[in-house]
Amino acid sequence: MSLDQHKFKFTGKFSELIWLVLKNTIFTIFTLGLYIPYARTNMRKYIWKSTKLEGHPFVFYADPR
């Protein structure tokens, strides 16, 4: 019995990640922490859309509430 090999690839850019972290931090500070669920959702969306399996990106369908 052979194991199938699946190819994962992360295509995210460091500059996009830094901008996202900076934006999430600023919004979280200005809203006194109320933005945290949206910040987490934005990070998950970025990670999922930047990760590919066999050339197909993942899609994150979620609501931050």
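Two strands count as paired if DSSP finds at least two bridges between them. With that in mind, the sheet of this predicted model can be read strand by strand.

The sheet is open and has 3 strands in the order E1-E2-E3, with antiparallel pairing. Strand E1 (8-10) and strand E3 (56-57) stand at the edges; each has a single partner strand, so one side of each is left without a neighbour in the sheet. Strands of a sheet pair through backbone hydrogen bonds, either parallel or antiparallel. Strand E2, residues 51-53, runs antiparallel to E3 and is joined to E3 by 2 bridges. Leu53 has His56 in E3 as its bridge partner. Helix H2, made of residues 36-50, packs on this sheet and touches E1, E2 and E3. The direction of H2 makes about 40° with that of E2.

The loop between E2 and E3 contains Glu54. Its phi is near 55°, a positive value in a residue other than glycine. Glu54 counts as partly exposed because its relative accessibility is 42%, and partly exposed lies between the cut-offs of 20% and 50%.

Leu32 also has phi near 55°, again positive in a residue other than glycine. Leu32 sits in the loop between H1 and H2. With a relative accessible area of 77%, Leu32 is exposed.

Helix H1 covers residues 14-30 and includes Phe30. Phe30 is exposed, since its relative accessible area is 68%. On the surface, Phe30 forms a nonpolar patch with Trp19, Leu22, Ile26, Phe27 and Ile29. Together these residues have about 690 Å² of accessible area.

Methods: Residues numbered from 1 in each chain as written. Predicted model: local features only at pLDDT ≥ 70, side-chain atom pairs only at ≥ 80, totals over all residues. Heavy atoms only, no water. Patch = residues over 30% accessible without salt bridge, like charges linked within 9 Å, V, L, I, M, F, W, Y side chains within 5 Å. Areas by Shrake-Rupley, 256 points an atom, 1.4 Å probe, with all protein chains shown as cover. Salt bridge = Lys/Arg side-chain N within 4 Å of Asp/Glu carboxyl O. Helix = DSSP H or I, 4+ residues; strand = E, 2+ residues; numbered from the N terminus. Buried < 20%, exposed > 50% of the residue type's maximum accessible area, 1.4 Å probe, protein only. Contact = heavy atoms within 4.5 Å. Axes fitted to C-alpha atoms, helices over the stretch in contact; angles between N-to-C directions.
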